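Thanks for asking me to look this one over. Here are my notes, kept short so you can read them beside the model.

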Amino acid sequence: MTDLISIPFSWDDLCDIIHYAEWKVEEVDEAGCDLEHPNIREVLKRLKYIQSRMRYSPTEEAQKIVIEKYMQDSKYRCE
């Protein structure tokens, strides 16, 4: 299992990173190429999930929800 780290991004930072990653993944897909780091699709999904939780919850509550979701998903991957 991968250890979680906490990175202090602002809301705008998170939105910018998601936008840029989506754009680059789409660009690579449209070119018919493979991603150098295919895991970026899963990372992008997690970032979007974090973003969705932050829209409706205070930061501390969103952090707890995200950690719980990650731990649940990790259990399923390890079994």
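The points below cover confidence, the aromatic residues and a surface patch.

1. A word on the basis first. This is a predicted model, with residues numbered from 1 along each chain as its sequence is written. Local features need pLDDT of at least 70 and side-chain atom pairs pLDDT 80 or more, while totals for chains, interfaces and linings use all residues; side-chain values use heavy atoms, leaving out hydrogens and water.

2. The average pLDDT (the predictor's confidence in each residue, from 0 to 100) is 81, and 85% of the residues score at least 70. Helix α1 has the highest mean among the elements, 93, and α3 (residues 59–78) the lowest, 67. Helices here are DSSP runs of H or I, at least four residues, numbered from the N terminus.

3. There is 1 aromatic pair (ring centres within 6.5 Å, using the six-membered ring for Trp). Tyr20 and Trp23 meet edge-to-face (planes over 60 degrees apart), at 5.4 Å centre to centre and 65° between the planes. Both sit in α1, 3 residues apart, about one turn of the helix.

4. Are these two rings' residues buried or exposed? Tyr20 is partly exposed because its relative accessibility is 47%, between the limits of 20% for buried and 50% for exposed (1.4 Å probe, protein chains only). Trp23, at 42%, is partly exposed too.

5. Lys24 lies over the face of Trp23, 4.8 Å from the ring centre; the rule asks for NZ within 6 Å of the centre and within 35 degrees of the ring normal.

6. Phe9, in the segment before α1 (11–30), is partly exposed, as its relative accessible area is 39%.

Conventions: Helix = DSSP H or I, 4+ residues; strand = E, 2+ residues; numbered from the N terminus. Phe/Tyr/Trp six-rings, centres within 6.5 Å; stacked < 30°, edge-to-face > 60°.
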